[in-house]
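Biologist: Could you walk me through this one? I would like to hear how each label is earned.

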Amino acid sequence: MPKKSVTDASQKTDKSSKRKSKAGYVIPTLDTVILPGTSYPLLVGRDFSANAVNIVHEVKNHIRLILVPEFSKEHKKEDEASLGDIIDLIFNRKIGVSAKIEHLATLPSGLYKVVVQALERVEATNFNYTAEQVITAQYESLPIINDITPKEDKAYISTIKDLFEQYTSIQEPSAQLDYKVNQPDFKPSCENEFIVYQIAHILPLSIETKYELLQKSNLSEQYNLIIQFLQNEIEIGKIKREIQQKLEKGVEKSQRRYYIQEQLRVLQEEFDEENVNPEISKLRHLIDKAGMPEKAIQKCNDELDKLKRIPPMSPEYGVIVNYVELLTNLPWSKMGQDNLGLLHAQEVLNAHHYGLEKVKERILEYIAVLNNSGNPKGQILCLVGPPGVGKTSLGRSIAEALNKKYVRIALGGIADEAEIRGHRRTYIGSMPGRIINAMKRAGVINPLIVLDEIDKLGKDYKGDPAAALLEVLDPEQNHAFNDHFVEIDYDLSHVFFIATANVETDIPVALRDRMEIIHLEGYTENEKIHIAHKFLIPKQCKENGLSTQDIIFDTSAVLKIINEYTAEAGVRNLEHKIGSIVRKVVRKHLEAKEKQENILPVRITDNDVEQYLGALRVREVPKWNEDKIGVVYGLAWTSTGGRLLPIECTICEGESKIYFTGQMGNIMKESAQTAYTFLKAHATDWGIPAEAFKNKEIHIHLPEGAIPKDGPSAGISLFTVLYSVFTQKPVRNDVALTGEITLTGQILPIGGLTEKILAAKRNQIYNVLIPSDNADILKEINPEILEGMNIIQIKHASEVLGYLFR
C-alpha cells in the first residue's frame, strides 16, 4: 500500500511549550468514546488496527496506543469507510486518549479481543500511514485544568452525589452504579483527576456527549456537563414513573372491574336476572306496555337475553339498551283521533291560507274519501311551487284541520341513504333513519309528515336517499318499511305524507311517479295585498309588540312594496319588508316614549315606504317606449317565479356565423339555431333574398349576462327577433311570447305558463302569445290572473308575424 501522510500544520508543537511530544500507534474506535481512567474491551478486526495492537503488545506497552473516536454516521457511504476517509475523520477530531493493553486474546473468527486501559487525555498530530501498515501519530498530554476552589469543588461533588442518589432512585439500578462517588472517603479534583470520567463511563451518555466531555479542558465545565445530564435524566425518569403509575392504576381498575363483573355473573346465574339488574327489569316493563307485534316482542326478548351475558361497561351493552328503548317508544298500534269534519277542515284552511283553491279542494277530497271508506292508503301529495307561496305552512295547516300530529323532515342537502333507512347496528353510534325518528316523535301511527324540499336531495358514494324514499312513498310497499337499525318491518301505510318542492323536474322520475303533484301558482297582486292585510301585518305587529291599531298600512303602501321592493311569486320577501317597517316604527315609538311623547298610531302610505326601506330594490327589465328592430320580449320561468326575458339581435357584415352572449345554455342555443334554419329555409316566402344570409355575422344577446339562461321555450321569440333584423321591421313593444319551435315551424307547449303570464302582467304587457297546446292549462289558471290579459294561442311560427309586426 502506498505511503500516505497527513500533517496538521496548525498543531505543530510550540518550542516554548512545556508539553513533550511522543509517538504512538492510532486505533480509530468506531462509535465508541473511551474516557481516561477507564478500562474498555475492544474488538479489533481492521488490518491497520490489528497491526498496531500486535506491535504494542510485542514491545510490552513501551509504546502507547492512541484511541481516537470514529463516528459511522460521518462516513460518506453506508459501506465501510476507506483508509483515506478514516484518516481524514480522525485528523479532524484530534482529541483522544493514550492507552495500554491489559489483555489480548484471539477469537475463532480471527478478530482480536483487546482490553485496554485509558491513561490520559491527549491531542494527536502528524498522522501517517507507514510501511508497517499502521497509522502512527505524535501526541501530547492534555491534563485537566483545575479552575475551581476547594469549596466550589466540594459543592460540585455534593451536588453530583445528591443528583446521583436521585438518579439511582428513579432509574433502574445496575451493578456499576455502586460506585465510589457514594462512599464517605470519596476525594475529588486534584487528588483524582479521573473522577468525572469514571462517573461518565457508567452513565448512559451518548457518544456525542462523551466526546464533548473529553474535549473540555476545565474541571468546572466537566462538572456542569455531568450535572446537566443528571438533571435531564431525573426529569425524564419522573415522567416515566408517572406514566407507569397511571398504567398500573388502569390495570388495577380493569382487574377490579373484571372481578366485580364475574361476581355479578355468578349472582345472575344463582338468582333471577331482573332482581340483579334493575335496568333489564325496567326494559321488560316497557316491552309489556308498548303494545308491540309478536315479532317485535320476540326481537326485544332476544336482545334482553344477550344483555344478560354482556358486561354493563361493554359498548354493545349501551347499543342494545338504546335499541330496545327505541322499539318500546315507537307507536305500533296507537292511532290519533282524526277530525274528519269537512266544514271544520275548510274553516281551518281558509283561516290560515288565502287562495290555493286547488290544494284545498284536494285536501277536502282526501277527507271525504277517508270519512267514507276509512282507508287512508294512497294519500301521498307533492306541493310544487316557487318559494314563499306557503307549501310548508300549508302542511301544518292540513295537520291542524285533520287534528293530526305534525312532523316535518327537512330533506334539503341529504346525500346519505342511511339518513332515510338508518345505520346498521354493527357500527358504534348507529341510529335509526329520519322516518323512524319522525314516527317516534309523533307517537301515533297516523301522523302527517311533511317531506320538505324533496327536490333538494343529494347523491354520493354513500347511496341515493331518493331511492330509499321509493319504499316510503309507495302505498304498495310502505306497510312493511324496513329500517336498517330497527331490523323489523314497520307499517307506514297510515301516515299522510306531503312532500314539497320548488322544481318538479328536479324530483327523480321514479319518486315523482309515486306522488300526486299539485302545483301552487304564484300570487297575484290582489292576493298579495289581501294576504298582507289579513296575515302578514298582524303577524309582524304581534311579534314586535304592537297591535294592528298602532300601525296602519295603506293599500297603496303595500302595493308599492310588492311592485318596487319584492320580485317573487310568493310573499316571503313581502313579509320581510313589512317586518322591517314595523321594527323601525317600534324604535321610533320607544324613542318618543323616552321623551314623554306618543307617535302612535302610525299610518304608512306609499310616500313613506321609501323613507323606511330606502331606495328601490327591484328594478324590472327596462322596456322600450317604442317598437324596435331586433328586440323582442320573451317569457322565462325560474324557481322564484316568472320573468320577462328581452332578446336582442343584430347583424353586420362578416363571417357567416352566429354569436351567443348573455350566458345562453346549450338548449337555448339549439333553439336559436333551429329558428335560424327555419327562417332561412322559408326566407323567400317572406321576401327575404337568399343573398341576405351570405357573409352576415349574427349576434344574439340576452341582457343580465350574469344570470344563466336555458330551455327551449324561447324558440319562437328567437325566430321573431331574427325575422325582425333580416326584414328590418320593428317588433311591437306591448307583446310578449313563449313557445318551443321546430324545424317545420310548429309551436310546442311549454311549462310555467301561469308564472310567465304573471311576469308579463307585472311588467304592464297585456298581450301574450302562447302555444295552442297549452289551452287546457289556461283553463286551470285563476281568472284573476287572466283579468285584463289578451292571451293569443298560436300553432305555427307564421302566425306570429301578424301579431308582432304592425
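**Labels and their cut-offs**

Modeller: Gladly! Let me begin in strand β7, where Gln 138 is the bridge partner of Thr 125; strands here are DSSP runs of E with at least two residues, helices are runs of H or I with at least four, and both are numbered from the N terminus. This is a predicted model, in which local features need pLDDT of at least 70, side-chain atom pairs count only at pLDDT 80 or more, and totals for chains, interfaces and linings use all residues. Residues are numbered from 1 along each chain as its sequence is written, and side-chain values use heavy atoms, leaving out hydrogens and water.

Biologist: What makes β6 and β7 a pair, and in which sense do they run?

Modeller: Two strands pair if DSSP finds at least two bridges between them. β6 and β7 have six, in the antiparallel sense, so they meet that definition. They form a hairpin with five residues between them, and Gln 133 in the turn has a positive phi of about 60 degrees.

Biologist: Which strand besides β6 pairs with β7, and over how many bridges?

Modeller: Strand β2 (residues 22–30) does, over four bridges and again antiparallel. Ala 23 stands opposite Gln 138 there.

Biologist: Why is β7 called largely enclosed?

Modeller: Because five of the seven residues of β7 (residues 135–141) are buried. Buried means under 20% relative accessible area, exposed means over 50%, and partly exposed lies in between (1.4 Å probe, protein chains only). Across the protein, 47% of the 806 residues count as buried.

Biologist: How do you know whether Cys 382 is buried or exposed?

Modeller: Its relative accessibility is 0%, so Cys 382 counts as buried. Cys 649, at 8%, is buried too.

Biologist: How many disulfides does the structure hold?

Modeller: Zero. A disulfide would need a pair of cysteine sulfur atoms within 2.5 Å.

Biologist: Why is Leu 111 called partly exposed?

Modeller: Leu 111 has 31% relative accessibility, so it counts as partly exposed. Leu 111 sits in the loop between β5 (95–106) and β6 (112–129).

Biologist: What makes Leu 43, Leu 107 and Leu 111 a patch?

Modeller: Patches take residues with over 30% relative accessible area and no salt bridge (a side-chain nitrogen of Lys or Arg within 4 Å of a carboxyl oxygen of Asp or Glu). Nonpolar side chains (Val, Leu, Ile, Met, Phe, Trp, Tyr) are joined within 5 Å, like charges within 9 Å. These three leucines form a nonpolar surface patch with about 240 Å² of accessible area together, by the Shrake-Rupley method with a 1.4 Å probe, where for residues only the protein chains shown count as cover.
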